[in-house]
Amino acid sequence: MLCLLSLHILMFTLKVYDSSGNKFSYSSYIKCVSDIDTHRLSDEYERIKTDRDNLYISELEVKYTASRPSEYTLYNLILNEIEHILEYDDYLASVIDSRNVKSSISIFAKDEYSLRNEEKTREDFKKLRGNQVSYSGTCGINLIAKSDISDVIGLILITIFAVSLITLENEESTMVLLRSTPYGRKKCAYAKYSLGVLLSVITVLLLYGYKIILIGLTYGYGDLHSSIQSVLGYESCPFPLSVKEYLFLYAVLKILIYCVLFTVFFYIATKFMQSGKVYVTIVLILGISAVFYYGIDRHHWLQYLKLLNPVALLNTEYLITQYKNINAAGQPIGYIWVALTAAAAVTICFGILGIRRFCRHFASQSRLAANVRQKLIDRLQVLRRLKYIFRGKTALFFYEIKKSWIYEK
């Protein structure tokens, strides 16, 4: 786990600091942004565009980077960011007032659902009237929220948690010892599940906390109080959020999604009780989800398979900032609400099933005599618990933490 976390730190650090080839450094970006007069964005746009076009024509020296290719890339990004700000009011007006909403929002036909979808889109974006966007250089926000190797590492880590808490206990014959405690199997299952959720939360805080800190030290966040629609590519976000509120919401949703995925992995571990089978099953689920997510068009009639699967939920940036309605019994409902409802249902169902499965599983299912003996022991254990009612309590949850991180066995 330490190796995986170190790999995450290394990969993201290289991504932020890499200025080789046609890439530019964060210091070049900051310097270029600081030279822009935000009160004269239209004039600044023309000036930077002229500098970019003359970069290879004249003998104009590079101002911000070490080479012409990287300078050209920097100018392109800055121009796209400024153009995004200059065109946002027209974009918002076209969504609200036009009878043909932009295809980047939805594609409308003439059926009843499409008319409802079109009307809902207008109503949602009317709430953003008067929303002020401003240019402050928010490239760092994109770097924080963009899906990358961090999600892959996070998935590997929560898989390790599920396997370590369940299947390794069974394979190393320590599960019987845990089930022999006065509190029985149910509280042991609750402790393991709670510990896994806690570790999932810590994983998100470590992975994305580092990204937020590093971006703050390099690119910066721009104006944290500006509208989230000020960030390049987030113009279709239907929520009146500031950049600071968006980062907080992003972190909360990321934590919830990781907890949902751990719940599913926890159930898979209790179902198979063998590490090899658990790894294969999780890889198959994620592989099929990736095929659905990248292979199905967002407007296809199979969009449910594309948008409601683990890989899609991991793309938290899309969940918040891209407007999308889903057809639920003929009614258009926001994608984020459908996704959160599905995630809550999956967490409750698989959480209950995983705990019940853990309580019902026997370490020696291949031998009937052992099963019978275990059942008798379980029945006697109920009677023996009476003598422990007035004794001191055992914090099994914290013992699980101590065992997992210090003693391991």
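**Figure 1. The buried residues of helix 2 pack against helix 4 (68–97) and helix 6 (139–145) in this predicted model.** The residues of helix 2 (residues 26–34) that are buried are Ser28, Tyr29, Cys32 and Val33. Because these four cover an arc of only 130 degrees around the axis, they are placed on the same side of helix 2. The spacing fits a general pattern: an α-helix has 3.6 residues a turn, so residues three or four places apart point the same way.

**Figure 2. The protein as a whole, given as the setting for the close-up views, has 17 helices and two strands.** The protein has 409 residues, and 46% of them count as buried. Its accessible surface comes to about 21100 Å², and carbon and sulfur atoms account for 63% of that area. When contacts between residues at least 6 apart in sequence are considered, 73% of them join residues at least 24 apart.

**Figure 3. A nonpolar patch of about 550 Å² lies on the surface and is made by Leu7, Leu10, Met11, Leu14, Ile149, Val152 and Ile156.** Two helices, helix 1 (2–17) and helix 7 (149–171), each supply at least two residues of this patch, and helix 1 gives the largest share, with four residues. One of the patch residues is Leu10, which is found in helix 1. Leu10 counts as partly exposed because its relative accessibility is 46%, a value between the limits of 20% for buried and 50% for exposed.

**Figure 4. Tyr17, Phe24, Tyr26, Tyr29 and Tyr219 come together in one aromatic cluster.** Tyr29 of this cluster is also one of the buried residues of helix 2. Across the structure the count of aromatic pairs comes to 17. In the pair formed by Tyr17 and Tyr26, the ring centres are 5.5 Å apart and the planes stand at 85 degrees, so the arrangement is edge-to-face. Tyr17 is partly exposed, with a relative accessible area of 41%, and Tyr26 is likewise partly exposed, with a relative accessible area of 24%.

**Figure 5. Tyr318 and Tyr335 form an edge-to-face aromatic pair, with 5.9 Å from centre to centre and 65 degrees between the planes.** Since Tyr318 lies in helix 14 (residues 316–321) and Tyr335 in helix 15 (residues 335–360), the pair ties together parts that are 17 residues apart in sequence. Both of these tyrosines, Tyr318 and Tyr335, are buried.

**Figure 6. Lys23 and Asp18 meet through their side chains in a salt bridge, at 2.9 Å from N to O.** As a general matter, side chains of opposite charge can pair when their charged atoms come close. Lys23 counts as partly exposed because its relative accessibility is 43%, and Asp18 counts as partly exposed at 26% relative accessibility. A search of the whole structure finds 18 salt bridges, of which further examples are given in the next two views.

**Figure 7. Lys254 and Asp151 form a salt bridge in which the closest N and O atoms are 3.1 Å apart.** Lys254 lies in helix 10 (residues 243–272) and Asp151 lies in helix 7, so this pair ties together parts that are 103 residues apart in sequence. Lys254 counts as buried, because its relative accessibility is 1%, and Asp151 also counts as buried, at 6% relative accessibility. Helix 7 is also one of the two helices named for the nonpolar patch, to which it supplies at least two residues.

**Figure 8. Asp37, Arg40, Asp43, Glu44, Arg47, Asp51 and Lys63 are joined into one network by salt bridges that share partners.** Within this view, Arg40 forms a salt bridge with Glu44, and the closest N and O atoms of the two residues are 3.7 Å apart. Arg40 counts as partly exposed, since its relative accessibility is 41%, whereas Glu44 counts as buried, with a relative accessibility of 6%.

Definitions and conventions: Residues are numbered from 1 along each chain as its sequence is written. This is a predicted model: local features need pLDDT of at least 70, side-chain atom pairs count only at pLDDT 80 or more; totals for chains, interfaces and linings use all residues. Side-chain values use heavy atoms; hydrogens and water are left out. Patches are made of residues with over 30% relative accessible area and no salt bridge: like charges are joined within 9 Å, nonpolar side chains (Val, Leu, Ile, Met, Phe, Trp, Tyr) within 5 Å. Accessible areas come from the Shrake-Rupley method with a 1.4 Å probe; for residues, only the protein chains shown count as cover. A salt bridge is a side-chain nitrogen of Lys or Arg within 4 Å of a carboxyl oxygen of Asp or Glu. Buried means under 20% relative accessible area, exposed over 50%, partly exposed in between (1.4 Å probe, protein chains only). The arc is that of the directions from the helix axis to the C-beta atoms. Contact means heavy atoms within 4.5 Å. Rings of Phe, Tyr and Trp (its six-membered ring) pair if their centres lie within 6.5 Å; planes under 30 degrees apart count as stacked, over 60 as edge-to-face and the rest as tilted.
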